Every structure is written in structure tokens, then in C-alpha cells.
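Here are some exercises to help you find your way around a new structure. Try each task yourself before reading the solution under it.

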Amino acid sequence: MSILIKNQIFNFGTKDGKPADTLSRKHSYVLQPVTGKAKYSKLHSSEVADSKQPLQTAVVNLDDVTISLSKDGYRDMMKLADNFATFNQRLKYAHFRPLVPVKADSRSWWKYAYRAIEKRRKVTYGKWEEYERSLASYIKKHACSNSKTEDLWAALEEGSGEPVNKLMTTWTKQQGYPVVSVKVNNQNLEFDQSQFLSSRAQGEGQWIVPITLCFGSYDVHKNFLFQTKSETRDVKELLGSPITEDSKSWIKINVEQAGFYRVKYDELLAAKLRYAIEKKILSPSDRFGILDDTYALCNARKESLTSLLNLMAAYREEDDYTVLSNLISISSKVQNIAADAVPDLLDYFKQFSINVLQYSAERLGWDPKPGETHDDALLRGEILTSLAEFGHDLTLDEASRRFQAFLENRNTPLLPPDIRRAVYVAVMKRATKSNRSGYESLLKLYRETDLSQEKTRILGNEISSVKA
């Protein structure tokens, strides 16, 4: 006998192969359902004479898949993205959040709201209330008429008292963006600006830069407009106290990376910031920004490689995913540059990168830990892959052991998908023309697997190029 099954998983919400009218009312799909049919057959006991014939068979036929994003699905995806953005924003103020219900201590919750808003206000340049009133006035004035960009700048300038029109002209009518260099000279902060061009060409641009800075703490926060090519500010007058030899008197420019410019520090300020990074006094956004600025300036020959390496060493105990992922990427880029520019020093750069990443690798280990975050799971694979690329012997040894266990049992828990790329890189690191066993095993895996993701992992290791 044979039975034709029309299951809800294939049939619901469709009509004659097309979406039914009731689809959006019952469910909200990111992608429309795929129609299809399943046929299941089972032999009667009297028909089980020929043992070679299967007792049960099932055939599933799906229609051609047409991917279409509905309006509801699009709105849901945008809402999900907004929720992620809101969640990331709230993380910055989570340490202010009271541990009691609102009804139990409403005063603490009002204080929490005030502190969160005040912290955000401090890291951005400008006057919120004035800008909001100016924007409302601009919208009302031009509600039924045409307007130009300059009309908006004029309205914001009139309400805030700041040179908005002049400021925005410098940002919208010339290419690139500035590098703000800052150094200490006899208790004076000397600011200088130049045009940043990754091509390393010299530019003549000049901007009005909204400078935000904090001194030793996020509670000591100042801002001003940097309107000339160079400017000198008295430290005590600007910040309220002098810069001392104490490492704790650090200065961070462009707080929370709110401004669109690079910052170059002199050696004194850079050394104090390295202390703040090591002690995790700075926020993840600022730790990321300092590293990103220094690498970009080094790549554009505006900063020395020694300064970059000294800074990278301060991130040995970094635990934030975004910052550590950027550190891994920069380490790999520095190695590639060194391989071409100074091959004699390549081994030094590799060992330096291993030393920087080894603490995080030991903290994460090879196996997932109960209750660990998703970021830690992602970091584990990235760090182990990087250590394998740098030729870390302990990583290569452990990867080889796990790979052999995987070849003997494809279901072994020793090689979950998150760390397979790291293991495949390690296998290829030890493959040579005289020892092709690892290469041959990877090639066999590639041919046997039906998973495109697994094929991509293997191909990503340039399996066809075996070193001599």
C-alpha cells in the first residue's frame, strides 16, 4: 500500500503553490514558505517476501524555491537590528542599573536614568537642548517649502551659538578627514591637525574639529572646538590640574570615538594610555579606537612600527571580543608586511604575536565552558587559528591530536565546528612535500563532505599549496 501525506510543514499558508490569502494574518515570515509533497510507502506483512525490497520508503519533492522577502519580514528584520543596537547601547550603562525592582526603590532607578543620560551627554560635543529646539524650528519654518542644506546649518547655528555652518563646510566640501596630533610641552597641550590620506600623500585640508577629552577618569571631561591648524592649551586651565609623572594622569582624546578623526599621541601620553589599557580603565570603544588609530597611522607612515608594537603589548589580557578580534587582524597584517619588507625579522614578529595572544588562548582553552558567552565561543576559533598561522608549537601539537581523533571518529566532541578551521590551518602548517599525510587527509575530507561550509573551511587553508 502507499499513503500520500500532506503535512502542515509543506502545505500551510499556501494555495496551489502560491501564498494563501491568510498567510500574513496567521504568521509573519522572514522568508515565504516553500511548498512541496512527501510520499511515504510501507509494505504489508504479506508483501515482505523479498528481503531485498525496502520495508518503508519516503520521497520528498520540493517546488522550485523562490526567495522573497515580505514587507512584514523586512519590518521584523529592521526591528531585530534596532533591538541589537539598543542592547549594545544599554551595555555601556549596565553597571549603573539597580539590582532592586522599580517599586522597591524608585529613587535608585531615577538616579540610574540620570547617570546613563549624563554619561552619554558627556561623550558627545554640543548642546542637546539647543540643537533639538533649533531642529524643531527648522522643520516648522520649512514645512511647506523647499530648503537647502545651508538652511539647516543656519538654524542650528542660530539656536546653539556655535559656528555650525563654517564647521560643516569643512567636513562636507573637502576630501578625507583629519589627524589630530597632541603632545605635552611644559604643562601645555599642543594640538596640531593634518589631513589623513591612507595613500600617504600630503594633504592641505583643515577642519573645525569638535574635540572631546577626559583626564584620568571619565568624570573629568572637557570639550572645545579646534578651529586652527595648531593650538596650545594650558593643562591646568583646561583640565583643572597639571599632568604628573604618575601613570594614572592619562588623557584620552575623542572619548568613546564619538568624533570622525584619528588621534596621534606623543610618547609620554601614549605610555600613560598603555597603562590605562592594561588596567582596563578605558572603555572597550576607547581601547578599540586607540589601537585602530595607531595601526592606521602606522600604515600611512605617520606613526612608527615600534609605537604600534609597544601598544599591542598592552592588550595581552584583553577580553573584549571586538577589541581582541581587531588585535588578531592587525597582528596578521603586520606579519604579512614583515614577510615582504623584513623577512629576517619574520620569526620575531611571529613570536611577539604569540606572546600577545597566548594569555587569551589559555583563558579560553580548546573546549567550551559552561555558561560562557557567545563572544568567547567566537574568540576561541579566531585566536587558535591565529596561533596556528604563527606556528605556535603547543597549538599545532594539540590540533594534530584532535585531527587524528576526528579522522577516527567523525562524531568526536574533540573537534566541534567552531575550532575546525584552526585545526585545518595547523594540519597544513606541518604538511610538506615529504610528509603529505595531513594534506591527503584534508583532501579526502573535502571530497567526502556534502556541506558547503565544511568545504569552504578546508579550501580556506589553500590546501593545494604544500610548502617545500
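**Exercise 1.** In this predicted model, decide whether Tyr177 is buried or exposed, and do likewise for Phe260.

*Solution.*
- Step 1: Take Tyr177, whose relative accessible area is 17%. A residue is buried under 20%, so Tyr177 is buried.
- Step 2: Turn to Phe260, with 56% relative accessibility. The cut-off for exposed is over 50%, so Phe260 counts as exposed.

**Exercise 2.** Classify the ring pair of Tyr177 and Phe260, and find where its two members sit in the chain.

*Solution.*
- Step 1: Searching the whole structure gives eight aromatic pairs.
- Step 2: In the pair of Tyr177 and Phe260, the ring centres are 4.7 Å apart and the planes meet at 50°. Stacked needs planes under 30 degrees apart and edge-to-face needs over 60, so this pair is tilted.
- Step 3: Locate the partners. Tyr177 belongs to strand S6 (residues 177-184), while Phe260 lies in the loop between strand S11 (251-253) and strand S12 (262-265). With 83 residues separating them, the pair links distant parts of the chain.
- Step 4: Look for a further ring. Phe196 joins Tyr177 and Phe260 in one aromatic cluster. Over the ring of Phe196 sits the charged end of Arg262, 5.6 Å from the ring centre.

**Exercise 3.** Work out what kind of pair Phe191 and Phe226 make, then describe the surroundings of Phe191.

*Solution.*
- Step 1: The two ring centres are 6.0 Å apart and the planes are at 55°, so Phe191 and Phe226 also form a tilted pair.
- Step 2: Phe191 is in strand S7 (residues 188-196) and Phe226 in strand S9 (residues 221-226), 35 residues apart. Both Phe191 and Phe226 are buried.
- Step 3: List contacts of Phe191, skipping neighbours within four places in sequence. Among them are Val180, Val182, Leu213, Phe224, Phe226 and Ile253.
- Step 4: Place Phe191 in its core. The largest nonpolar core has 71 residues, and Phe191 is listed with Leu189, Ile211 and Ile253 as having the most contacts inside it. Helix H13 (residues 346-364) gives the most to this core, namely eight residues.
- Step 5: Apart from that core there is another, of 22 residues, including Ala388, Ala399, Ala422 and Ile458.

**Exercise 4.** Describe how strands S8 and S9 are joined, and say whether His221 is buried or exposed.

*Solution.*
- Step 1: Strand S8 (residues 209-215) runs antiparallel to S9, and six bridges join the two. As one example, Thr212 has Asn223 in S9 as its bridge partner.
- Step 2: Five residues lie between S8 and S9, which form a hairpin. Gly216, in the turn, has a positive phi of about 75°.
- Step 3: His221 is part of strand S9. Its relative accessibility is 14%, so His221 counts as buried.
- Step 4: Follow the fold from His221 to Ile251. These residues are 30 apart in sequence, and their C-alpha atoms are 9.9 Å apart in space.

**Exercise 5.** Check the length of helix H17 against its expected span, and find what its buried residues pack against.

*Solution.*
- Step 1: Helix H17 (residues 437-448) has twelve residues, and at 1.5 Å a residue it should span 16 Å. The span uses one less than the number of residues.
- Step 2: The end C-alpha atoms of H17 are 16 Å apart, which agrees.
- Step 3: The buried residues in H17 include Gly438, Tyr439, Leu442 and Leu445. Those buried residues pack against helix H15 (393-408), helix H16 (420-429) and helix H18 (452-459).
- Step 4: Now look at Tyr446. The charged end of Lys455 sits over the ring of Tyr446, 4.2 Å from its centre.

**Exercise 6.** Describe the backbone and the setting of Asn186 and Arg301.

*Solution.*
- Step 1: Start from the general pattern. Most residues other than glycine have a negative phi.
- Step 2: Asn186 is not a glycine, yet has a positive phi of about 55°. Asn186 lies in the loop between S6 and S7 and is exposed, with a relative accessible area of 68%.
- Step 3: Arg301 also has a positive phi, near 65°. Arg301 sits in the loop between helix H10 (284-299) and helix H11 (305-313), and at 68% relative accessibility counts as exposed.

Conventions: Residues numbered from 1 in each chain as written. Predicted model: local features only at pLDDT ≥ 70, side-chain atom pairs only at ≥ 80, totals over all residues. Heavy atoms only, no water. Phe/Tyr/Trp six-rings, centres within 6.5 Å; stacked < 30°, edge-to-face > 60°. Helix = DSSP H or I, 4+ residues; strand = E, 2+ residues; numbered from the N terminus. Buried < 20%, exposed > 50% of the residue type's maximum accessible area, 1.4 Å probe, protein only. Lys NZ or Arg CZ within 6 Å of the ring centre and 35° of its normal. Core = buried A, V, L, I, M, F, W, Y, C linked by side-chain atoms within 4.5 Å. Contact = heavy atoms within 4.5 Å. Pairing = 2+ DSSP bridges.
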